[in-house]
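Me: I have a model open on my screen and I don't know how to read it. Could you walk me through some features, one at a time?

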Amino acid sequence: MSSVATSPAFRTSASLTIGGKAVAGASSFDVVNPATGEVFASAPDASPDQLDAAVQAAAQAFHTWRIDEDLRRGALRRCADALLAAADEIAPVLTAEQGKILRESHREFVGAAAWLRYYAELEWPSVIVQDDGRAFSEAARRPMGPVAAITPWNAPIYIGVAKVAMALRAGNTVVLKPSPYAPLSTLMVGEILSELVPAGVLNVISGGDALGPLLTTHPLIRKISFTGSIATGKSIAAAAASDLKRLTLELGGNDAAIVLDDADPEFTAEGLFSSAFTFTGQACVAPKRIYVAESLRPALVDAFVERARATKLGNGADPDTDLGPLNNLPQRNYVVELIGDAVASGGKVATGGHVIDGPGYFHELTIVTDVDNGIRIVDEEQFGPALPVMSFHSIDDAVERANATEFGLGGSVWSSDPERALPIAKRLEAGTAWVNTHKVLAPQNPFAGSKWSGVGIEGGPWALEANTESAFVYLPR
Ligand code: NAD
């Protein structure tokens with residue numbers, strides 16, 4: 001393991017952004033660097049009054065922001081440029097508070113800028129339904145008002161900025177709230193982007209656990225755009241019900257990968273290992289359960305083990321580091337619990353299996369075998385560096401076990417014959433199914449969870465539908 005013990009060479013304070021102004025929090029809370037376990041900064045804790053001021057500012061700004069689509073598209077272009085220009089300054093903050101390696105932090109900025117650009121350029125005309133001697137009618141869309149955008153700690157810039165891009169292009173205004181486990185980088189991005197839109201169009205607030213429910217129940221919020229766990233998603237859906245706020249929920253996943261007997265073991269191992277352990281396993285659409293043809297299982301397990309042992313864990317700020325720590329202690333404890341349960345249920349640990357002693361929330365990259373559906377590490381979302389590998393008897397068996405879950409975010413099928421894999425991929429009950437890859441995301445693609453993994457779609461014109469409501473006009477002739 002590597003360590004970087006010097007004091008931070010980056011900004012460690014950030015403001016709330018409310019009504020176009022940088023505002024200090026009513027109080028503050030600690031931000032911990034998960035690579036050291038030490039508090040390295042504090043973040044503003046918005047009071048209920050500050051939250052209300054942010055929503056009021058968004059409601060006020062909505063009156064004019066909704067009008068001029070060209071102005072909105074121009075603003076998104078400028079936001080994309082500004083975000084990229086800020087990457088060098090803010091990526092180290094993201095690494096310090098989130099734990100991911102610096103290269104991945106940079107990639108979040110590049111990926112997020114792509115969402116801004118995409119929604120700046122997307123043509124999205126209304127539909128003329130009828131235009132003849134009897135009538136003219138048009139199916140147009142109307143923005144809704146202030147959107148509450150709530151994000152998790154694993155990819156706060158990518159997810160937060162994508163939500164901002166979709167909502168702002170549609171003509172809504174935004175109150176963005178990052179997770180208390182990684183608030184600073186989002187606040188800093190908010191400070192920069194809010195300068196490029198009229199005051200109140202983009203507000204960013206941070207705070208403790210009480211803030212989320214206050215935001216989702218605020219009467220002026222018209223839509224909630226949430227990414228996070230299934231448990232929180234369900235409580236948000238309940239909170240939204242009382243005044244029928246619109247919802248987009250991007251929730252947890254437990255993606256299955258099915259590896260057919262003709263797959264290339266090295267290619268498949270490389271693709272699955274790198275996507276399963278991205279962000280040290282803390283990615284929503286990572287493969288989290290592998291079902292492999294029995295003939296290929298030993299070779300695949302060996303290839304995973306070899307890669308896990310060769311991966312250098314350490315402080316993400318160190319350029320020699322391959323992967324960082326878990327983001328927080330409860331998450332590491334959860335991974336430990338799942339591995340312990342797997343072993344107690346007869347599972348075997350092919351490599352890893354232990355917490356890494358020393359500062360920070362590190363855990364060995366772990367491959368678990370001899371488990372099956374019905375054991376927690378297979379049934380639950382581990383969201384950490386522990387990957388169960390199982391074999392299957394037939395394609396039907398693999399598909400049935402892959403689908404035997406309430407999760408439905410993503411999945412993949414691996415084969416040297418993509419034509420053979422594609423119909424199997426289509427049988428996966430997931431919002432996205434890949435062939436010979438996993439976790440490829442892009443703003444033009446519909447990203448959605450099936451079953452408990454989500455409600456609604458992000459990406460493409462579908463997200464603009466979700467950020468607007470129907471405004472049909474009919475004119476008899
Ligand atoms: P979480 O649900 O604990 O928290 C997410 C956000 O919701 C945070 O900002 C948190 O402060 C806020 N929050 C918590 N309780 C709330 C409430 N009652 N009302 C309103 N807001 C509330 O999730 P997390 O631990 O930060 O993130 C990990 C989870 O996110 C995993 O399940 C992962 O799969 C999921 N995730 C999903 C996607 C996706 O696109 N589907 C992407 C990334 C992460």
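**Reading the model piece by piece**

Reply: Sure, let's start with one residue. Leaving aside its neighbours within four places in sequence, Pro219 is in contact with Asp243 and Lys245. Keep in mind that this is a predicted model.

Me: Okay. Where does Pro219 lie, and is Pro219 buried or exposed?

Reply: For the second part you look at the relative accessible area: over 50% counts as exposed. Pro219 has 58%, so Pro219 is exposed. As for its place, Pro219 sits in the loop between α6 (211-216) and β10. You can also check a distance: Pro219 and Ser242 are 23 residues apart along the chain, and their C-alpha atoms are separated by 9.8 Å.

Me: Let's follow the chain into β10. Is Thr227 buried or exposed?

Reply: The cut-off for buried is under 20%. Thr227 lies in strand β10 (residues 223-227), and with a relative accessible area of 9% Thr227 is buried. Which residues are around it? Not counting those within four places in sequence, Thr227 contacts Ile150, Thr151, Pro152, Ile159, Lys163, Glu250 and Glu458. One of these partners deserves a closer look: the side chains of Thr227 and Lys163 make a polar contact at 2.8 Å.

Me: Can we try that on a helix residue? What does the side chain of Gln331 reach?

Reply: Same routine. Gln331 is part of helix α10 (residues 329-344), and Gln331 counts as buried because its relative accessibility is 13%. Its side chain reaches the backbone oxygen of Phe383 at 3.0 Å. Beyond four places in sequence, the contacts of Gln331 are Trp153, Gln282, Leu326, Gln382 and Phe383.

Me: Now sheets, please. How do strands of a sheet pair?

Reply: Strands pair through backbone hydrogen bonds, and they can do it parallel or antiparallel. Here's a case: an open sheet of three strands, in the order β5-β6-β22, with antiparallel pairing. Because β5 (127-131) and β22 (468-476) stand at the edges with a single partner strand each, one side of each has no neighbour in the sheet. On average, neighbouring strands of this sheet are turned by 20 degrees against each other, direction ignored.

Me: How many bridges hold β5 and β6 together, and how many join β6 and β22?

Reply: β5 and β6 (residues 135-143) pair over four bridges, while β6 and β22 pair over nine bridges. You can find individual positions too. Ile128 stands opposite Glu138 in β6, and Asp131 has Phe136 in β6 as its bridge partner. On the other side, Ala140 has Ala471 in β22 as its bridge partner. Notice the turn as well: β5 and β6 form a hairpin with three residues between them.

Me: Which strands pair in the parallel sense?

Reply: β12 and β13 do, over five bridges. In that pair, Ala256 has Arg289 in β13 as its bridge partner. Check how covered β13 is, too: seven of its seven residues are buried.

Me: And which residues of helix α12 are buried?

Reply: In α12 (residues 395-403), the buried ones are Asp397, Ala398, Val399, Arg401, Ala402 and Asn403. Then ask what covers them: the list includes β12 (255-259), β13 (287-293), β16 (386-392) and α13 (418-426).

Me: Let's zoom out. How many residues are in the largest nonpolar core?

Reply: A core like this is made of buried nonpolar residues linked through their side chains. The largest one has 82 residues, and those with the most contacts inside it are Phe109, Tyr119, Leu184 and Ile205. Helix α2 (residues 69-98) gives the largest share, 13 residues. To see a crowd, pick Ile205: beyond four places in sequence, its contacts include Leu16, Ile18, Ala46, Leu51, Val175 and Leu211.

Me: Last one. Which domains does the chain have, and how far apart are their C-alpha centres?

Reply: The domain assignment gives domain 1 (16-251 + 452-476) and domain 2 (255-442). Domain 1 is written as two stretches of the chain, so follow both on your screen. The C-alpha centres of the two domains lie 30 Å apart, and the contact takes 23 residues from domain 1 and 28 residues from domain 2. The big core ties in here as well: it draws at least three residues from each of domain 1 and domain 2.

Key: Residues numbered from 1 in each chain as written. Predicted model: local features only at pLDDT ≥ 70, side-chain atom pairs only at ≥ 80, totals over all residues. Heavy atoms only, no water. Pairing = 2+ DSSP bridges. Helix = DSSP H or I, 4+ residues; strand = E, 2+ residues; numbered from the N terminus. Axes fitted to C-alpha atoms, helices over the stretch in contact; angles between N-to-C directions. Core = buried A, V, L, I, M, F, W, Y, C linked by side-chain atoms within 4.5 Å. Buried < 20%, exposed > 50% of the residue type's maximum accessible area, 1.4 Å probe, protein only. Domains from an automatic or database assignment. Contact = heavy atoms within 4.5 Å. Polar contact = N/O pair within 3.5 Å; in protein donor to acceptor, adjacent residues only side chain to side chain.
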